[in-house]
Amino acid sequence: MTSPFFIPIPADRYNFEQLANIYNESRVDYIVPMPMNAKRMADYATQYAVDLAASVVAINKEQQIAGLGMLGVRGERAWITRLGVIPTRRGRGIGQFLMSKLLENAVSRGCIHAQLEVIEGNEPARTLFSKLGFIETRRFLVLRRPPGNPPDFAFPVTVEPLNHLEIETYLVHRCDHPSWLDETPSLLAGGAVAVEGVRVIQESGESGWGVFRPTTFQLSHVTMGAHEQGGALSAELALAILTAIHHKHPRRDTKVENVPENSPLLEAFGQIGYMTEFARIEMGLRM
Ligand SMILES: CC(C)(COP(=O)(O)OP(=O)(O)OC[C@H]1O[C@@H](n2cnc3c(N)ncnc32)[C@H](O)[C@@H]1OP(=O)(O)O)[C@@H](O)C(=O)NCCC(=O)NCCS
């Protein structure tokens, strides 16, 4: 249902503070509170390739700002994010109007596939996306680990820091299938804080790498791979890499988003104190 009463305004007509305010207003009652400020919104746009000219603020027939939706674009793939309608303005077609405009903008930029994630249990949003033809593709877990020293290494290892070139090389050749948030361009995009990395070498010679984004209080985007076996990590090596990361930053809280529910790495995350906070469903649409 698109309506002649609603007006789409390209999001690049607003500054990041205004966009953060609209976003926060549309999420005051959200299942998982994730408030943003201008700086976080600006970093988010950079890290996740948000095309602000293709992102939309919706104005309702009373000329009020009613909602927001953002579009990330990478090649032929589009990602829909930050969608929200201000609670008192819901149920009148604004959400569907925003989605239609975002999909139209994606097609006009040459995209043939759209993807998004929705928190499990968010029935209004999941129903909206299904109505538009999105199909569920994967289930992800969002993990959290409180600050604290990890247990000692289970066996002797050598830990070395990675330089930026090594980080880039490992990420470019990784063999996992991350969500949009953890794709290599998300990790390498400037943003506010550079990524850091470690190499862990076991006595057996088996070795792997871990890359993560450190901010003042939190680590995020933890990504790992092995040097052998086509990049697939054993649970033992994954645990050693996580131990090395948390030895280096014992005082930071850690959030790892969108780990596929069937990931072989989940065992290692659990062993070192990560807990599941909530689940997300990834959905996709061929356009
Ligand atoms: C999800 C959201 C954007 C929908 O916006 P909205 O303007 O209320 O939705 P619309 O009026 O355009 O409804 C379009 C369709 O969405 C679905 N829908 C909307 N609200 C629904 C509800 N409460 N329960 C079930 N389905 C619902 C229906 O399929 C509806 O079509 P219909 O009217 O023909 O039944 C809004 O509820 C919201 O902002 N929620 C909080 C933020 C959020 O969840 N964002 C998405 C994160 S992935």
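Here are some short exercises on the structure above, each with a worked solution.

This is a predicted model, in which local features need pLDDT of at least 70 and side-chain atom pairs count only at pLDDT 80 or more, while totals for chains, interfaces and linings use all residues. Residues are numbered from 1 along each chain as its sequence is written.

**Exercise 1. Find which residues surround the ligand, and which element gives the largest share of the shell.**

Step 1. Start with the residues near the ligand, meaning those whose C-beta atom, placed from the backbone, lies within 6 Å of it. There are 21 residues around the ligand, and the closest are R90, G95, P124, T127 and L128.

Step 2. Now turn to the elements; helices (H or I, at least four residues) and strands (E, at least two) are DSSP runs, numbered from the N terminus. Two or more residues of the shell come from each of β4 (77–85), α3 (94–108) and α4 (123–131). The largest share, six residues, belongs to α4.

Step 3. Finish with the classes: Ala, Val, Leu, Ile, Met, Phe, Trp, Tyr, Cys and Pro count as nonpolar, Asp, Glu, Lys and Arg as charged, and the others, Gly among them, as polar. The shell around the ligand holds eight nonpolar, eight polar and five charged residues.

**Exercise 2. Describe how domain 1 and domain 2 touch.**

Step 1. Take the bounds, which come from an automatic or database domain assignment: domain 1 covers 7–111 and domain 2 covers 143–282. Their C-alpha centres are 30 Å apart.

Step 2. Look at the contact, where two residues count if their C-beta atoms, placed from the backbone, lie within 7 Å. Domain 1 gives nine residues to it and domain 2 gives nine residues.

Step 3. On the side of domain 1 that touches domain 2, α2 (38–47) and β3 (65–74) give two or more residues each. The largest share of that side, three residues, is from α2.

**Exercise 3. Work out which residues touch the most other members of the largest nonpolar core, and which element gives the most to this core.**

Step 1. A residue is buried if 20 or more other C-beta atoms lie within 10 Å of its own, exposed if 12 or fewer, and partly exposed in between, with C-beta atoms placed from the backbone. A nonpolar core is a set of buried Ala, Val, Leu, Ile, Met, Phe, Trp, Tyr and Cys residues joined through C-beta atoms within 7 Å.

Step 2. The largest such core has 40 residues, and A58, L71, I80, L98 and L102 touch the most other members. Helix α3 gives the most to this core, with seven residues.

Step 3. Try L98 as an example: apart from its neighbours within four places in sequence, L98 contacts V56, A58, G67, G69 and L83.

**Exercise 4. Decide whether helix α7 is largely enclosed or not, and say what covers its buried residues.**

Step 1. Helix α7 spans residues 235–248. Of its 14 residues, 10 are buried, so the rest of the structure largely encloses α7.

Step 2. The buried residues run from L237 through A238, L239, A240, I241, L242, T243, A244 and I245 to H246. Their cover includes β7 (157–161), β8 (196–202), β9 (207–214), β10 (218–226) and α8 (266–271).

**Exercise 5. Is I59 buried, partly exposed or exposed?**

Step 1. Locate I59 in strand β2.

Step 2. I59 counts as partly exposed because it has 16 C-beta neighbours inside 10 Å.

Step 3. Not counting residues up to four places away in sequence, I59 touches F6, I7, I9, Q64, I65 and A66.

Notes. Expected span 1.5 Å × (residues − 1).
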